[in-house]
Amino acid sequence: MQFFKLFIFLLAALQITICNAQDYKFIPEGQHLLSNEEVKTMQIMVTPDVLLFSEQGKILPKSQMELMANPSYSPLFYADKKGKLKSIVFKKTSTISTQIEKNPEAYFEVGEKALDFIVSDMQGNTTKLSDLKGKVVVLNFWFTKCAPCVMEMPSLNTVVETFKEKPVVFIAITFNTKQLIEQFLETHKFDYKIAPNANDVITMYGVQSYPTSIVINQKGEIVLKELGYRTNIESVLTQSIKSLLD
C-alpha cells in the first residue's frame, strides 16, 4: 500500500518512469509508457486498434474516450517500439491530494489583467492585445502534434462561426513555425487567427498544458481559463463569450 501511494504521487508529479509502467501487468509486451515530454511533442492519434484500459486492466469501449476530458482521470499513453500509440490506461486521480490536483496554471484572480503582447499572424499582420480592448478576445494555446488540440478544433471552429458577426477575436498561439503550420493546414481546418513562433507569449503566460483556452473581456481582464482537452469546450466558450456580450 505504501508503494502504491508513492506511485500515485509520482504520477501526479509527472515523474513517471518505465519502471513504474511495468506495474500494469496487463499492458501487452513490447509497449512502453510515453513520458510527458513525448506526449507533448508527438502526434497522439487514437486509431481503432488502440486499446483502452481501466487501471484494473479491464478493456473499455471506445465510448470511454470521453474520460480524456474528465479531471478525475489521467490518461497514460503506451506505444510500441516504433513509437505508435497502442494502449491508453485511464488512471483514477481522485486519491491524489487536492494540493496536487490543483494546477497552478489554471489559477487567476477576478479582475486580473491579461498580459499584453504583440504577435504576427500567418500573413505577417501584427496584433497587439491592448489594441483589442472593447472586444472579447479568445486565446488558444496549441501545437500541431498535440492530438487533443487537433481533436477540439472542429468545436473551436464552430465557436468562431457562431460569433463571426460579433466583436470577438480568436487568436491561436503556438511555438510551431509558419512552414510547419502551412503543412498542417493542408489537411486540417483551424479558423482562429494563427500566430506562429510565439514562444515569448507562451512563456509570458506560463502555459505548459495543451490545449489551453483563455477568454479575455472587453476591459482586458481574464474571465476564463480552460486547461486540457474537454468534449464540451464549444459550450464552455460559447457560454463565457455570450455572458460578456449580453
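**View 1. E226, a buried glutamate in a predicted model.** With a relative accessible area of 14%, E226 counts as buried, since the cut-off for that label is under 20%. This is a predicted model, and that goes for every view below. E226 is found in strand β12. Its side chain has a partner: the side chain of R230 makes a polar contact with that of E226 at 2.6 Å. Leaving aside residues up to four places away in sequence, E226 touches P211, T212 and S213, and also I233 and V236.

**View 2. Helix α8, where I233 and V236 sit.** Two of the residues touched by E226, I233 and V236, are also among the buried residues of α8. The helix covers residues 233-245, 13 residues in total. From first C-alpha to last, α8 reaches 18 Å, close to the 18 Å expected at 1.5 Å a residue. Besides I233 and V236, the buried set in α8 takes in L237, T238, S240, I241 and L244. What do these buried residues pack against? On the strand side there are β8 (136-141), β9 (168-173), β11 (212-216) and β12 (222-227), and helix α5 (147-162) joins them.

**View 3. The disulfide of C146 and C149.** There's one disulfide in the structure, and C146 and C149 form it, with their sulfur atoms 2.3 Å apart. Buried or exposed, these two cysteines? Both C146 and C149 are buried. The torsion about their S-S bond comes out at about 80°, so this disulfide is right-handed.

**View 4. I173 and the largest nonpolar core.** This core has 49 residues, and F141, I173 and Y205 are the ones that touch the most other members. Zoom in on I173 and, not counting residues up to four places away in sequence, you'll find contacts with F117, V119, N140, F141 and W142. The list for I173 carries on with A195, A198, V201 and I202. So much for the main core; a second, separate one holds 13 residues, including L52, M65, M68 and L85.

**View 5. An aromatic cluster that includes W142.** W142, already met as a contact of I173, belongs to one aromatic cluster with F170, F184, F190 and Y192. How many aromatic pairs does the structure hold? The count for the structure is eleven aromatic pairs. As a reminder for reading this view, a pair of aromatic rings is described by the distance of the centres and the angle of the planes.

How values were computed: Residues are numbered from 1 along each chain as its sequence is written. This is a predicted model: local features need pLDDT of at least 70, side-chain atom pairs count only at pLDDT 80 or more; totals for chains, interfaces and linings use all residues. Side-chain values use heavy atoms; hydrogens and water are left out. A disulfide is a pair of cysteine sulfur atoms within 2.5 Å. Buried means under 20% relative accessible area, exposed over 50%, partly exposed in between (1.4 Å probe, protein chains only). Helices (H or I, at least four residues) and strands (E, at least two) are DSSP runs, numbered from the N terminus. The expected span of a helix is 1.5 Å times one less than its number of residues. Contact means heavy atoms within 4.5 Å. Rings of Phe, Tyr and Trp (its six-membered ring) pair if their centres lie within 6.5 Å; planes under 30 degrees apart count as stacked, over 60 as edge-to-face and the rest as tilted. A nonpolar core is a set of buried Ala, Val, Leu, Ile, Met, Phe, Trp, Tyr and Cys residues joined through side-chain atoms within 4.5 Å. A polar contact is a pair of N or O atoms within 3.5 Å; within protein, one must be able to donate a hydrogen and the other to accept it, and residues adjacent in sequence count only if both atoms are side-chain atoms.
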